[in-house]
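The following exercises concern charge pairing and core packing in one protein chain. Each task is followed by a solution in steps.

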Amino acid sequence: MARNVEKGRSMLNQWLKAKELNDKKTFFKIPKNVNEVDDLESAVSYRKSIVKEICSKIKEIQNLSLGDQHVRELNDQINKLISIKNRWEIRIIELGGPDYQSESNALINAHGSELKGNNNYKYFGAAKNLKGVKELLFKENDDRKKLLLKRKKEKRNLDKIVNIHYFGYCDEENEILLNEELKIQKKLEKTDLEIIKKINY
């Protein structure tokens with residue numbers, strides 16, 4: 001019994017120490033409305049904290065042993081944080097700061113998969129293996145591969161159709177075109193002569 005009490009005390013001590021450390025840390029609350037912030041430094045720090053939170057949640061969602069419900073909740077939280085991050089990035093640009101959008105979007109796109117017509121909703125880690133999502137992602141990848149193959153075939157067919165005659169390299173040999181060119185040339189020469197006569201008189 002004494003051993004269990006000692007264990008409990010040590011756990012309690014550990015918890016109290018952890019609580020003290022958390023109390024010492026200075027936490028700041030991120031404003032819901034980005035337009036409330038007029039300071040560039042604080043806007044960048046808010047964005048930085050959101051990116052850290054996104055990274056930690058993406059790391060957590062990689063665990064395949066998590067339950068389906070927990071994975072869905074995590075995925076929803078990540079997408080919500082991404083939309084908040086995007087708003088802060090727009091605000092930073094408005095305040096005259098650097099453009100973080102391209103690099104952060106590249107990082108997120110590397111980890112997440114998006115379905116067509118899904119309003120930029122992305123699936124991360126274990127969420128890609130959820131029922132329904134896996135099939136849709138597989139189907140979309142299959143459709144993408146088919147489209148690429150179709151485009152390659154069309155390009156090959158286009159190379160067969162398009163030749164030197166298409167670009168007009170053999171127009172000098174075409175008698176009809178040469179006759180038309182001569183007619184237009186004569187008309188232009190007549191108009192030029194008329195203009196010269198008017199100038200001289």
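**Exercise 1: A shared arginine**

In a salt bridge of this predicted model, the side chains of glutamate 94 and arginine 91 meet at an N to O distance of 3.0 Å.

Task. Determine where glutamate 94 and arginine 91 lie, and establish which residues are joined with them into one network.

Solution.
1. Helix 3 holds both glutamate 94 and arginine 91, three residues apart, which is about one turn of the helix.
2. Arginine 91 also forms a salt bridge with aspartate 38, with 3.0 Å between the closest N and O atoms.
3. That pair links distant parts of the chain, 53 residues apart: arginine 91 is in helix 3, while aspartate 38 is in the loop between helix 1 (2-24) and helix 2.
4. Through shared partners, the salt bridges join Asp38, Arg91 and Glu94 into one network.

**Exercise 2: Buried or exposed?**

Task. Classify aspartate 38 and arginine 91 by relative accessibility.

Solution.
1. The cut-offs are under 20% for buried and over 50% for exposed.
2. Aspartate 38 has 59% relative accessibility and therefore counts as exposed.
3. Arginine 91 has 11% relative accessibility and therefore counts as buried.

**Exercise 3: A link between two helices**

Task. Of the four salt bridges in the structure, consider the one between arginine 47 and glutamate 89, and state which parts of the chain the pair ties together.

Solution.
1. The closest N and O atoms of arginine 47 and glutamate 89 are 3.1 Å apart.
2. Arginine 47 belongs to helix 2 and glutamate 89 to helix 3, so the pair ties together parts that are 42 residues apart in sequence.
3. Both arginine 47 and glutamate 89 are buried.

**Exercise 4: The largest nonpolar core**

Task. Identify the members of the largest nonpolar core that touch the most other members, and trace which elements supply its residues.

Solution.
1. The core has 24 residues, of which Ile54, Ile61, Ile78, Trp88 and Phe124 touch the most other members.
2. At least two residues of this core come from each of helix 2 (40-61), helix 3 (68-94), strand 2 (122-124) and helix 5 (133-161).
3. Helix 3 provides the largest share, seven residues.
4. For isoleucine 54, leaving aside neighbours within four places in sequence, the contacts are Ile78, Leu81, Ile82 and Lys85.

Methods
Residues are numbered from 1 along each chain as its sequence is written. This is a predicted model: local features need pLDDT of at least 70, side-chain atom pairs count only at pLDDT 80 or more; totals for chains, interfaces and linings use all residues. Side-chain values use heavy atoms; hydrogens and water are left out. A nonpolar core is a set of buried Ala, Val, Leu, Ile, Met, Phe, Trp, Tyr and Cys residues joined through side-chain atoms within 4.5 Å. Buried means under 20% relative accessible area, exposed over 50%, partly exposed in between (1.4 Å probe, protein chains only). Helices (H or I, at least four residues) and strands (E, at least two) are DSSP runs, numbered from the N terminus. Contact means heavy atoms within 4.5 Å.
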